[in-house]
Amino acid sequence: MDFPIGTLLLGAALFIVLALIIALPLFDRKTPAVRPPTRREALEAEHQTLIRNIRELDFDFRTHKISEADYRTLRAALVQRAAEVLRALKTLEERDVDAEIEAQVAKLRKTTTLLATDGRACPSCGASLPTGARFCPSCGQAVSSESVQQAT
Ligand SMILES: [Zn+2]
């Protein structure tokens with residue numbers, strides 16, 4: 001059999017294309033798993049595992065697979081670890097809440113400084129009023145052009 005060179009080249013090209021089609025999904029599949037779990041996700045996963053282990057241990061004890069001494073020792077260790085994980089999660093949550101409050105304060109501060117004032121002050125609390133304001137943003141007092149006084 002005598003193959004022309006064109007057929008051989010076409011065969012080689014087809015082989016490369018097929019190899020790429022087969023190989024590409026293998027690389028793709030790796031991509032989503034690249035992100036490592038956050039500390040919070042890791043703790044939540046560990047907590048779930050510990051709870052499951054405690055339930056399995058209870059089941060093993062009820063079905064007499066382990067001695068009462070082993071059961072008590074293992075269970076105490078698991079409960080202690082679960083409590084530690086839960087405390088760590090609570091600390092993380094408190095830190096998240098603190099960070100969120102600080103972010104909100106920073107945002108509010110930014111919008112407050114963005115409001116230009118026209119030199120008027122609230123007759124009730126003395127806060128400077130934004131340009132054209134009809135209500136004091138600080139205390140809610142209604143302000144009209146008659147009742148405003150110049151800020152000092
Ligand atoms: Zn006011």
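**Reading the terms in a predicted model**

User: Why is Ile54 called partly exposed?

Analyst: In this predicted model, Ile54 has 16 C-beta neighbours inside 10 Å. A residue is buried at 20 or more and exposed at 12 or fewer, so with its 16 neighbours Ile54 counts as partly exposed.

User: Where does Ile54 lie, and which residues does Ile54 touch, not counting those up to four places away in sequence?

Analyst: Ile54 is part of helix H2. With that exclusion, Ile54 touches Arg75, Leu78 and Val79. These count as contacts because the C-beta atoms lie within 7 Å. Separately, the C-alpha atoms of Ile54 and Ala77 are 9.8 Å apart, with their positions 23 residues apart along the chain.

User: What makes Glu46 partly exposed?

Analyst: Glu46, also in helix H2, has 16 other C-beta atoms within 10 Å. Buried starts at 20 and exposed ends at 12, so the count of 16 places Glu46 in between, as partly exposed. From Glu46 to Arg81 the C-alpha distance is 9.5 Å, at a separation of 35 residues in sequence.

User: How does the reach of H2 from its first C-alpha to its last stand against the span expected at 1.5 Å a residue?

Analyst: Helix H2, residues 39-62, has 24 residues. The expected span uses one less than the number of residues, times 1.5 Å, which gives 34 Å for H2. H2 reaches 35 Å, close to that expectation.

User: What follows H2, and what is the sign of its phi?

Analyst: His64 follows H2 and has a positive phi, near 60°. This is a positive value in a residue other than glycine. His64 lies in the loop between H2 and helix H3 (68-114).

User: Why does His64 count as exposed?

Analyst: His64 has 8 C-beta neighbours inside 10 Å. Exposed means 12 or fewer, so His64 with 8 counts as exposed.

User: Why is Leu129 counted as buried?

Analyst: Leu129, in strand E2, has 23 C-beta neighbours inside 10 Å. The cut-off for buried is 20 or more, so Leu129 with 23 counts as buried. Leaving aside neighbours within four places in sequence, the contacts of Leu129 are Thr117, Arg120, Ala121, Cys122, Cys136 and Val143. The C-alpha atoms of Leu129 and Ala116 are separated by 8.3 Å, at 13 residues apart along the chain.

User: What share of the protein chain do buried residues make up?

Analyst: Buried residues are 4% of the 152 residues.

User: How do you know that strands E1 and E2 pair?

Analyst: Pairing requires at least two bridges. Two bridges join E1 (residues 117-121) to E2 (residues 128-130), so the two strands pair, and they run antiparallel. Ala121 stands opposite Ser128 in E2. The hairpin has six residues between the strands, and Gly126 in the hairpin takes a positive phi near 85°.

User: Which element of the protein chain has the lowest mean pLDDT, and which the highest?

Analyst: Strand E3, residues 149-150, has the lowest, at 50, and H2 the highest, at 96. The chain averages a pLDDT of 83, and 80% of the residues score at least 70. Where pLDDT is low, the predicted coordinates should not be read in detail.

User: How many helices and strands are there, and in what order do the elements run?

Analyst: The protein chain has three helices and three strands. From the N terminus the order is α-α-α-β-β-β.

Note on methods. Residues are numbered from 1 along each chain as its sequence is written. This is a predicted model: local features need pLDDT of at least 70, side-chain atom pairs count only at pLDDT 80 or more; totals for chains, interfaces and linings use all residues. Two residues are in contact if their C-beta atoms, placed from the backbone, lie within 7 Å. pLDDT is the predictor's confidence in each residue, from 0 to 100.
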